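Reader: I am new to reading structures. Can we go through this one together, and will you tell me how each label is earned?

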There are 4 protein chains.
Amino acid sequence: MATKKEIRIGLIGTGFMGRTHSNGYSQVSHFFPELEYKPVLKAVCSRNAQKVQAFADQWGYESIETDWRALIARDDIDAVDICTPNDTHAEIAIAAAEAGKMILCEKPLARTLAEAQQMVDAIDKAGVANTVWYNYRRIPAVTLAKQIVASGKLGRIFHYRANFLQDWTISADVPQGGAGTWRMDVEAAGSGVTGDLLAHCIDTAMWINGAITDVSAVTETFVKERMHQLTGQVQPVGIDDACIFHCHFDNGSLGLFESTRYARGHKALYTFEINGENASIRWDLHDLNRLEYFDHADEGIVRGWRSIHVTDGDQPYMDKWWVPGLGIGYEHSFIHQVADFLKSLETGEPCSPNFQDALETQKVCEAVLESAASRSWKETGVEEFAGYSKEPA
Amino acid sequence: MATKKEIRIGLIGTGFMGRTHSNGYSQVSHFFPELEYKPVLKAVCSRNAQKVQAFADQWGYESIETDWRALIARDDIDAVDICTPNDTHAEIAIAAAEAGKMILCEKPLARTLAEAQQMVDAIDKAGVANTVWYNYRRIPAVTLAKQIVASGKLGRIFHYRANFLQDWTISADVPQGGAGTWRMDVEAAGSGVTGDLLAHCIDTAMWINGAITDVSAVTETFVKERMHQLTGQVQPVGIDDACIFHCHFDNGSLGLFESTRYARGHKALYTFEINGENASIRWDLHDLNRLEYFDHADEGIVRGWRSIHVTDGDQPYMDKWWVPGLGIGYEHSFIHQVADFLKSLETGEPCSPNFQDALETQKVCEAVLESAASRSWKETGVEEFAGYSKEPA
Amino acid sequence: MATKKEIRIGLIGTGFMGRTHSNGYSQVSHFFPELEYKPVLKAVCSRNAQKVQAFADQWGYESIETDWRALIARDDIDAVDICTPNDTHAEIAIAAAEAGKMILCEKPLARTLAEAQQMVDAIDKAGVANTVWYNYRRIPAVTLAKQIVASGKLGRIFHYRANFLQDWTISADVPQGGAGTWRMDVEAAGSGVTGDLLAHCIDTAMWINGAITDVSAVTETFVKERMHQLTGQVQPVGIDDACIFHCHFDNGSLGLFESTRYARGHKALYTFEINGENASIRWDLHDLNRLEYFDHADEGIVRGWRSIHVTDGDQPYMDKWWVPGLGIGYEHSFIHQVADFLKSLETGEPCSPNFQDALETQKVCEAVLESAASRSWKETGVEEFAGYSKEPA
Amino acid sequence: MATKKEIRIGLIGTGFMGRTHSNGYSQVSHFFPELEYKPVLKAVCSRNAQKVQAFADQWGYESIETDWRALIARDDIDAVDICTPNDTHAEIAIAAAEAGKMILCEKPLARTLAEAQQMVDAIDKAGVANTVWYNYRRIPAVTLAKQIVASGKLGRIFHYRANFLQDWTISADVPQGGAGTWRMDVEAAGSGVTGDLLAHCIDTAMWINGAITDVSAVTETFVKERMHQLTGQVQPVGIDDACIFHCHFDNGSLGLFESTRYARGHKALYTFEINGENASIRWDLHDLNRLEYFDHADEGIVRGWRSIHVTDGDQPYMDKWWVPGLGIGYEHSFIHQVADFLKSLETGEPCSPNFQDALETQKVCEAVLESAASRSWKETGVEEFAGYSKEPA
């Protein structure tokens, strides 16, 4: 271990994502001992000094900062991890790129396509390693789904459908803005479920099934006004509470996406299903260790959907964990992303999704919101997506 | 039993639906002995004399006809049951109405809204009892879903989503037209999955959740040409292989509907889910005796989706069958519809869905197809739907 | 149809089983038109003249009797169907055999092994066609399970486990004895869950997996006294409320069986699972159209339990019903048994399980009860079972 | 964090359990920051110096030992964690107790009851803190099950059944003995599935449902000879490949337990179900974040098994992790056990299950094996079990 190269991490933001990322850095060397690089928890930054110190103590960060600009200015930081609300991503990322830091940025890349484009430009100019935390790709069952489709087992794809259903904002008493509920504030978040939840679905979808070319969407805001935590005022709600869109993929398949925070009974139900000529596949986040698979080539009388418990050593990432039958959890997707980022430093290959890939996802989000606003179809402008190929692997 | 009043049935069409309806007539008196009326299998009609005689022998019809006009002309027929392909519904129904017969018509009511309107006009003029076989309403779990929503248990409805997924036409070798595959021929069927499958979903949806006011749709025809069974020629395929639409309901909820015959692994997977402020509900046809229900009022630590096995005597229709735990099947929905039709003759109330109700469903189908063709939102013109009320029962 | 040979049925008993059997006779010709024989509902017998007349009217029996001896004495009855409580099976069956009638007897064959042996002796002497209504074999998914095991797909069998869980007698207010609750009265029933429920599990198990050779059992009576409906007195409960046993099969596999009427939440949950060297299989009655199947030969990364929706035309009995995806129900197992009985009259082969087969099941039940009473292992004396072969088909 | 008291851990054994425990120590302070104590990874011990150094590097242990006696002799070790094969537990534990070390011992406590009793005696004499890693108790859904039963929601308990099904030893090519397969060697393991798997089931069962008083068991060894890895010789297999037993609990309920390594299709399927007068509960390890619950008090028409996704902050341990809907994995049960052990040092209460509790489980295991060997019922001698009370909490 003495020979491992260190990547000194500077984490900005100590909320939910600050915890998942910190856990990723803490755990990666325990389970991926073969990696050449190891992360070092050098510094963590947040505005409240007391809180950030407690966070540093809990996770073992060596130092703290209360101003992100100070963090970026430090020479002993190799990589900046951005876990702050969406409205700060662009400014921090551009500054970090200019300072020559590697960047690991939470999703969505930005509030708008314009912001995201500026970030990509900054990255391109700086030539620094970068990745965006679309973590769900790295749940083993999801990665396996990607491999199965890429292998050609499904044949021609006809349908891709995904949804992300939650129910935590049904009460009109949930406020908008401020810590914990900034996702409800359009200024901080940029959009509602589209950027928060559908962005995940779009990233997975284009990775597995290629570019989404045009979309037709509808959005709804069920609760029209909510109290703002920072102002104390009841204000109009600017975000989309729910969003549905159908679309075409470049490969000719039809897509269907839905997200809402008003689906009573679903806490974080991200699901997708892909129907191909020869086989189909489906997955849901509530039972994340399982993948369902239907193969029409199976003998007719014993043909059915297979419930695959993705915990065997020959399935993605699972050689790193326990023994067959013993599942892992949500947090592991972040550990896997850290491992893949460190591996990308060894190989020099990009760590997908990088900023450019996240920009493509942002294009779809923007087209979706424009389509809903104009009640018309919109082209996305996406032409290709890293990691997807029409030809079977 | 000697005192039961007889309804003499004349069945036209001996295909799949001819069998399900015949079974309904055969079984209803065994399980609904309290009804005042009983069906008598007086005559069955189909063009092939040999085949129709075999059908009559199998099901116990007293006589046969090979010309539906002859059947309608008979004095000993009280009710005409139309089980023929969609392109014949209008002509037969209008003639039967003019002859003063009760009419039980397979769904969809017609190929087009214009045809359907003529049928409703004829019925209105004739004043005869009528119903349309949207049978899925009468699966006990579906009827229970309707009762639960009507009771107000869900509170304000946010989302209604349904799909109907099949996979039987994926092979390019499946022909169009003729017996068995007339549903693939746009001339005979009027449309593809929209009239065949989504019409069921729309009927259930409006019955449970009220009028659909506007729609935005996309359709796709994956296999562009197929051999026509009657001509032997390879011809363009005129039907929609797949259709997706989102919509608004009059009560403010968002709707999402999808149907396809290209969803590998799904034979006849009709599903719906309804999300309300306080509770949610979902169902699928492949496990038709189950209804899933989530009630947010349950104590938090033991709250979850309930899998209700709808086989108890206090659940809809189930006092007629066996004992708790012992399920029924698809065919029972038709027996229930016969029972409800006979009951409607006792009470003088319409037997929903009647021709007028099916016309409302036709309006939505037509708007869906127009929306897909024009890539724009369309108003449906539906204002209300029989059996639905915004106020809890 | 004029050419079909008639089998004139005399049904004794108009309870739950009287209904399921009557439905079987009513429906068989509608769905199995190729059979040479057809049942005719000639007479039904029960002690209450008014009730039996109502039953006859409902089901279309031509005549009634109130004394079963009178029914058996009639020349116009070909087959006697025994649906009465267990304590009457032996006397009726022996008299019917002596009268030269075919016999279809409800399960269990008798209250005790001694009674059952007398019945088999009478049948053997009379040489009449006979069958016992262990109907669950003829649920398509169960028949498919039998075929899969017989084909050798599972390889060497290690484990067979089954249970039958109900919850309807938990309340101490449920009485014993009399109509509706004679199954609670040891005099009428012979035993509790062992004869009522485990007998089903044992019949299926030996049919699929061969003879059970020795057993070790425990029984429990949770509610020690209940009011008797006929006497009005609170009396000791003589039946087993619950029974568990493990056993050896002749093929070297281990068996595990459990039944109870005190499993809150389970209405009629009959389940079994079979683990073989190469594959496993499982089924449950609450979702009777599904069979689960695991094949270790599947490619590792996509290996999992398959949920087979047994509704395709190439699966047992399903060519007789609807189209793929559309399920059938509990009652269909009885229709299938009627069809198989009629078919056996064509072929001259026994209709399994016949009285001799049911006697083997009775041997296991008796050994189970003796084992529980003596707290020791008991040999069953079963050496082989009709329909089972160790060699793959 | 500077104020936390340190517990210096000396870990013996670097196999599968060495990893799960090390992860527990690494993670506990990240997620349970309120604890007064923190573990320090002081030393790890295994016979192979190279391998143990690699393990130390990977997990961050400060030092290594290759002789467990040396480890125990060190003054800078507060607690000894025993992760070695079963045949070494007694010797190490007794020596550690004599050295005044706290002890955390893998399960089963020992190979035999006699060994286990010696260990308890040593602990009692030494008066050191101790716990045994029956980790499954601390999966949140299992802990919730315990709470639900303890609250009295189920009422009188009628049935408790559990099984633990695996399939990894079906091939006759799997060897016995040596690293990785010492569980197949009766000398090293003491028994097969009884000590390895059923011991877990018994621990959970007695914790939730109280003492098991008598048992009747059967065991089987399907593959009679296997090559021994250390000798290279084909030797008789001394372990039980499968074990089934039924039993009585002190509270009058019936128990049923089964374990096998020959259940094709099941990797590590630990399941249990408890049926009470008013409610029932069930759980399985393959979907460990879910608990199923049936409450008979629910309104009849919407009554059904609830699938509880145990990921909310008011459910056991889950306030420590992420947000509702996001599951955790197998490894978390060990983190929870470390947390509870550290907490017990604060409170001075025993950390269940401790050696005494594990001795009670050992009594049941021994009775099970004796019952199987003698084909007779055996008393267990267990009178009570820590944490269980017949009275609702």
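Author: Let us start in chain D. Pro353(D) sits in the loop between α9 (332-347) and α10 (355-374). A cis peptide bond joins Ser352(D) to Pro353(D), with omega about -10 degrees. Keep in mind that this is a predicted model.

Reader: Where is Pro108(B), and what kind of peptide bond joins Lys107(B) to it?

Author: Pro108(B) lies in the loop between β5 (102-105) and α5 (113-126) of chain B. The bond from Lys107(B) to Pro108(B) is cis, and omega is about -10 degrees.

Reader: Back to chain D. Why is Val223(D) called buried?

Author: Its relative accessibility is 11%. Buried means under 20%. So Val223(D) counts as buried. Val223(D) belongs to the loop between β8 (212-220) and β9 (225-227) of chain D.

Reader: What does Val223(D) contact, leaving aside neighbours within four places in sequence?

Author: Its contacts are Ile170(D), Ala172(D), Val237(D), Asp241(D) and Tyr262(D). Take Ala172(D): 51 residues separate it from Val223(D) along the chain, and the C-alpha atoms are separated by 6.5 Å.

Reader: Why does Asp250(C) count as partly exposed?

Author: Its relative accessibility is 41%. Partly exposed covers the range between 20% and 50%. The value falls in that range, so Asp250(C) counts as partly exposed. Asp250(C) is in the loop between β11 (242-249) and β12 (254-260) of chain C. Its contacts, apart from neighbours within four places in sequence, are Ala211(C), Thr213(C) and Lys390(C).

Reader: How far apart are Asp250(C) and His30(C)?

Author: They are 220 residues apart in sequence. In space the separation is 41 Å, C-alpha to C-alpha.

Reader: What makes Glu65(C) buried?

Author: A relative accessible area of 17%. The cut-off for buried is under 20%, so Glu65(C) is buried. Glu65(C) is part of strand β3 (residues 63-65) of chain C. Not counting residues up to four places away in sequence, Glu65(C) touches several residues, among them Val44(C), Cys45(C), Leu71(C) and Arg74(C).

Reader: Why is the pair of Tyr136(C) and Tyr270(C) called edge-to-face?

Author: The structure holds 112 aromatic pairs over all chains. In this one, the ring centres are 5.6 Å apart and the planes stand at 70 degrees. Rings pair if their centres lie within 6.5 Å, and planes over 60 degrees apart count as edge-to-face. So the pair of Tyr136(C) and Tyr270(C) is edge-to-face.

Reader: What parts does the pair tie together?

Author: Tyr136(C) lies in the loop between β6 (130-132) and α6 (140-150), and Tyr270(C) in strand β13 (residues 269-276), so the pair ties together parts that are 134 residues apart in sequence. Both tyrosines are buried.

Reader: What is notable about phi in Arg375(A)?

Author: Phi is near 50 degrees, a positive value in a residue other than glycine. Arg375(A) has its place in the loop between α10 (355-374) and β17 (378-379) of chain A. With 37% relative accessibility, Arg375(A) counts as partly exposed.

Reader: And is Tyr317(C) buried or exposed?

Author: Its relative accessibility is 15%. That value is set against the limit of under 20%, so Tyr317(C) counts as buried. Tyr317(C) also has a positive phi, about 70 degrees, although it is not a glycine. Look for Tyr317(C) in the loop between β16 (305-309) and α9 (332-347) of chain C.

Reader: Now the copies. How do you know that chain A and chain B are related as by a two-fold rotation axis?

Author: A turn of 180 degrees, with a shift of 0.0 Å along the axis, lays chain A on chain B with an RMSD of 0.0 Å. The two copies are thus related as by a two-fold rotation axis. Ser376(A) comes closest to that axis among the residues of chain A, at 3.1 Å (C-alpha).

Reader: What superposes chain A on chain C?

Author: A rotation of 180 degrees with 0.0 Å of shift along its axis, giving an RMSD of 0.0 Å. Here the C-alpha of chain A nearest the axis belongs to Arg306(A), 2.0 Å from it. Of the interface residues of chain A, 100% are also interface residues in chain C, so the copies meet through the same surface.

Reader: Last, how many cavities of 30 Å³ or more does a search of the whole structure find?

Author: Six. The largest has about 140 Å³ of space. Its lining has 19 residues, and those nearest its centre include Asp287(A) and Asp287(D). The lining divides into six nonpolar, nine polar and four charged residues.

Conventions. Residues are numbered from 1 along each chain as its sequence is written. Chains are lettered from A and ligands numbered from 1 in the order in which they are written. This is a predicted model: local features need pLDDT of at least 70, side-chain atom pairs count only at pLDDT 80 or more; totals for chains, interfaces and linings use all residues. Side-chain values use heavy atoms; hydrogens and water are left out. Copies are superposed by least squares on the C-alpha atoms of residues with pLDDT of at least 70 in both. On a 1 Å grid over the protein atoms alone, a cavity is a set of points where a 1.4 Å probe fits but cannot get out, and a pocket is an open set with protein on both sides within 12 Å along at least five of seven lines; lining residues have an atom within 4 Å of a point. Grid points are joined across faces, edges and corners, and a volume is the space filled by probe spheres set on the points. Ala, Val, Leu, Ile, Met, Phe, Trp, Tyr, Cys and Pro count as nonpolar, Asp, Glu, Lys and Arg as charged, and the others, Gly among them, as polar. Rings of Phe, Tyr and Trp (its six-membered ring) pair if their centres lie within 6.5 Å; planes under 30 degrees apart count as stacked, over 60 as edge-to-face and the rest as tilted. Helices (H or I, at least four residues) and strands (E, at least two) are DSSP runs, numbered from the N terminus. Buried means under 20% relative accessible area, exposed over 50%, partly exposed in between (1.4 Å probe, protein chains only). Contact means heavy atoms within 4.5 Å.
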